[in-house]
Amino acid sequence: MTDEQLLEAAHQARRTAYAPYSGFLVGAAVLAEDGRVYSGCNMENVAYPEGVCAEGVALGAMVLGGARRARMIAIVAGPEGELRPTMPCGGCRQKIAEFAGPETEVVITGSDGEIQRYRMADLLPSAFTSNDLSKD
Ligand code: THU
């Protein structure tokens with residue numbers, strides 16, 4: 001599975017996005033440890049804070065599918081007819097970190113098709129982890 005293929009899965013997921021309030025359509029695709037791809041799109045709500053991001057939906061699909069580790073995550077976002085290289089929001093970085101390692105890659109692209117690649121270690125340095133919960 002190449003990053004181009006994973007981005008294509010994110011493109012497909014974006015086409016299903018439900019974003020009538022922001023008009024900002026997001027698709028995410030997770031390549032999991034089991035080699036399968038799990039997708040998600042953002043899903044907004046008239047009660048704005050109840051909306052959910054595409055990455056969380058994709059990770060939920062991964063967990064439902066029985067996988068627990070993400071190898072790579074692709075995100076494609078933008079208003080209708082336009083793609084903008086879009087970084088995952090802070091909350092999504094924390095959600096991704098739960099199922100990722102420092103080397104897990106996040107790949108994004110815009111309308112020009114140019115791919116940007118990031119490592120989770122760079123996207124969420126000094127993360128809050130399960131180590132912070134342990135007493136010793
Ligand atoms: N959004 C995502 O789906 N993922 C992100 O990482 C950033 C933001 C969604 C939430 C909302 O539906 C729309 O983009 C505008 O913020």
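## Exercises on the ligand site

An oxygen atom of the ligand sits 2.8 Å from an N or O atom in the side chain of glutamate 55, a polar contact in the sense of a pair of N or O atoms within 3.5 Å. The model is predicted, so that local features need pLDDT of at least 70 and side-chain atom pairs pLDDT 80 or more, while totals for chains, interfaces and linings use all residues. Residues are numbered from 1 along each chain as its sequence is written, and side-chain values use heavy atoms, without hydrogens and water.

**Exercise 1.** Find which residue offers a side-chain N or O atom 2.9 Å from an oxygen atom of the ligand, and which offers a backbone one.

*Solution.* Begin with the side chains: asparagine 42 has an N or O atom there at 2.9 Å from a ligand oxygen. Turn then to the backbone, where an N or O atom of cysteine 89 lies 2.9 Å from an oxygen atom of the ligand. Taken alone, the ligand exposes 370 Å², of which the protein buries 76% (Shrake-Rupley areas, 1.4 Å probe).

**Exercise 2.** Determine how the shell around the ligand divides by class.

*Solution.* List the residues around the ligand, among them Phe24, Val26 and Glu44 (a heavy atom within 4 Å). Sorting the shell by class then gives 7 nonpolar, 2 polar and 2 charged residues, where Cys and Pro count as nonpolar and Glu as charged.

**Exercise 3.** Establish in which sense S1 and strand S2 pair.

*Solution.* S1 and S2 (residues 37–41) are antiparallel over 5 bridges (pairing needs at least two DSSP bridges; strands are E runs of at least two residues). Within this pair, alanine 29 has serine 39 in S2 as its bridge partner.

Note on methods
Polar contact = N/O pair within 3.5 Å; in protein donor to acceptor, adjacent residues only side chain to side chain. Helix = DSSP H or I, 4+ residues; strand = E, 2+ residues; numbered from the N terminus.
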